[in-house]
Amino acid sequence: MYSEKVMDHFQNPRNVGEIENASGVGTVGNAKCGDIMRIYLDIGEDGIIRDCKFKTFGCGAAVATSSMATELVKGKSIGEAMKVTNKAVMDALDGLPPVKVHCSLLAEEAIHAALWDYAEKHGIEIEGLEKPKADIHEDGEEGEVY
């Protein structure tokens, strides 16, 4: 059902925790399944993501996608981090079962939410970044922002 990479990132998640005084913090969830994902970014003055950590409450796939998402953005520029899509997260994990695709959507949205927070704190605009939705549904419904 799950790939070896998904199982590895679930059993040995990378970058778990919080970053004190993070440059940006993004929290998103899916009310239907109960998953909540929070991503912390430490972004240098050069726009490079120096560190990325996460805290996730959810299923194994939510933990695995959070872990992989942090690995994919660490060391990248803001522009490169913007290109980390749910598909990129799923590909890096060698796929997810169809009923768990929403977990990769949460990972993408959590990155975007953290970048939005960073942009708000620094009074900048990040090309292509839209105000994040806190509640992510597969059917495109929006929920209230936490």
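How are helices α1 and α2 oriented to each other? This tour of a predicted model begins with that pair.

**First stop: α1 and α2**

Select residues 4-11, helix α1, together with α2. The two helices pack at an angle of about 90°, and their axes lie 8 Å apart. Angles of 65 to 115 degrees count as roughly perpendicular, and α1 and α2 are therefore roughly perpendicular to each other. To display the contact, show V6, H9 and F10 on the α1 side; their counterparts in α2 are G60, V63, A64, S67, M68 and E71. Sorted by class, this contact comprises 5 nonpolar, 3 polar and 1 charged residues.

**Second stop: the sheet**

Next, select the strands. The sheet is open and has 3 strands in the order β1-β2-β3, with antiparallel pairing. Because β1 (24-30) and β3 (49-57) each have a single partner strand, they stand at the edges, and one side of each has no neighbour in the sheet. On average, and with direction ignored, neighbouring strands are turned by 15° against each other.

Begin at β1, which is joined to β2 by 7 bridges. Within this pair, G24 is placed opposite L41 of β2. The two strands form a hairpin with 4 residues between them, and G34 in the turn has a positive phi of about 90°. Colouring β1 by accessibility shows a mostly covered strand, with 5 of its 7 residues buried.

Move on to β2, residues 35-43, which pairs with β3 in the antiparallel sense over 8 bridges. Two facing pairs serve as markers here: R38 opposite K55 in β3, and I43 opposite I49 in β3. The hairpin of β2 and β3 has 5 residues between the strands; its turn contains G47, with a positive phi of about 80°.

**Third stop: helices on the sheet**

Now add α2 (residues 60-73) to the view. This helix packs on the sheet and touches β2 and β3; its direction makes about 175° with that of β3. Then add helix α5, residues 101-122, which lies across β1 and β2 and runs at about 145° to β1.

**Fourth stop: the nonpolar core**

Which residues of the largest nonpolar core touch the most other members? Select I39, L41, V73, L115 and I126, which hold that position among the core's 38 residues. At least two core residues come from each of β2, β3, α2, α3 (78-82), α4 (86-92) and α5. Helix α5 provides the largest share, 10 residues. In soluble globular proteins, nonpolar side chains tend to be buried together.

Centre the view on L41. Neighbours within four places in sequence aside, its contacts are I19, A22, S23, G24, I49, D51, C52, V73, A114 and L115. Among them are V73 and L115, which L41 joins in the group of core residues that touch the most other members.

**Last stop: S104**

Finish in helix α5, where S104 is located. Is this serine buried or exposed? Buried means under 20% relative accessible area, and S104 counts as buried because its relative accessibility is 0%. Selecting its surroundings, again without neighbours within four places in sequence, brings up T65, N86, V89, M90 and L96 as contacts of S104.

Key:
Residues are numbered from 1 along each chain as its sequence is written. This is a predicted model: local features need pLDDT of at least 70, side-chain atom pairs count only at pLDDT 80 or more; totals for chains, interfaces and linings use all residues. Side-chain values use heavy atoms; hydrogens and water are left out. Two strands pair if DSSP finds at least two bridges between them. Axes are lines fitted to C-alpha atoms, for helices over the stretch in contact, and angles run from 0 to 180 degrees between N-to-C directions. Contact means heavy atoms within 4.5 Å. Buried means under 20% relative accessible area, exposed over 50%, partly exposed in between (1.4 Å probe, protein chains only). A nonpolar core is a set of buried Ala, Val, Leu, Ile, Met, Phe, Trp, Tyr and Cys residues joined through side-chain atoms within 4.5 Å. Angles under 35 degrees count as roughly parallel, over 145 as roughly antiparallel, 65 to 115 as roughly perpendicular and the rest as oblique. Ala, Val, Leu, Ile, Met, Phe, Trp, Tyr, Cys and Pro count as nonpolar, Asp, Glu, Lys and Arg as charged, and the others, Gly among them, as polar.
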